[in-house]
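Let's take a walk through this one together. Have the sequence and the 3D view side by side as you read.

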Amino acid sequence: MSMQPWHGVVVASALPYNKDLSIDYGAFADHVRWLAENGCHGITPTARSASTSA
């Protein structure tokens, strides 16, 4: 497998939760599907969506 640089739109996606604080996998799947259908080339589900300093 050859490695290729990232390209296009790659988003840091928010992770939705249910009221009991469990992960809402259905809502996450819907969101990822929407992102893909609207031009995103990839997601980073474990990334932060806010800026942080090193």
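What follows goes from confidence, to the fold, to the surface.

Keep in mind that you're looking at a predicted model. Across the chain, pLDDT averages 82, and 80% of the residues reach at least 70. Where pLDDT is low, the predicted coordinates should not be read in detail. Among the named elements of the chain, helix α1 (residues 25-37) has the highest confidence, at 94, while strand β2 (residues 42-43) has the lowest, at a mean of 87.

Now for the layout. The chain has one helix and two strands, and if you trace it from the N terminus, you'll meet them in the order β-α-β. How do the contacts spread along the sequence? Take the contacts between residues at least 6 apart in sequence: 54% of them join residues at least 24 apart.

Next, burial and surface. Of the 54 residues in the chain, 9% are buried. The chain exposes about 4,800 Å², and 57% of that comes from carbon and sulfur atoms.

One spot on that surface is worth a closer look. Leu 15, Tyr 17 and Leu 21 make a nonpolar surface patch of about 330 Å². To find Leu 15, go to the loop between β1 (10-11) and α1. Why can Leu 15 be part of the patch? Its relative accessible area is 33%, so Leu 15 counts as partly exposed, and patch residues need over 30%.

Conventions:
Residues are numbered from 1 along each chain as its sequence is written. This is a predicted model: local features need pLDDT of at least 70, side-chain atom pairs count only at pLDDT 80 or more; totals for chains, interfaces and linings use all residues. Side-chain values use heavy atoms; hydrogens and water are left out. pLDDT is the predictor's confidence in each residue, from 0 to 100. Helices (H or I, at least four residues) and strands (E, at least two) are DSSP runs, numbered from the N terminus. Patches are made of residues with over 30% relative accessible area and no salt bridge: like charges are joined within 9 Å, nonpolar side chains (Val, Leu, Ile, Met, Phe, Trp, Tyr) within 5 Å. Accessible areas come from the Shrake-Rupley method with a 1.4 Å probe; for residues, only the protein chains shown count as cover. A salt bridge is a side-chain nitrogen of Lys or Arg within 4 Å of a carboxyl oxygen of Asp or Glu. Buried means under 20% relative accessible area, exposed over 50%, partly exposed in between (1.4 Å probe, protein chains only). Contact means heavy atoms within 4.5 Å.
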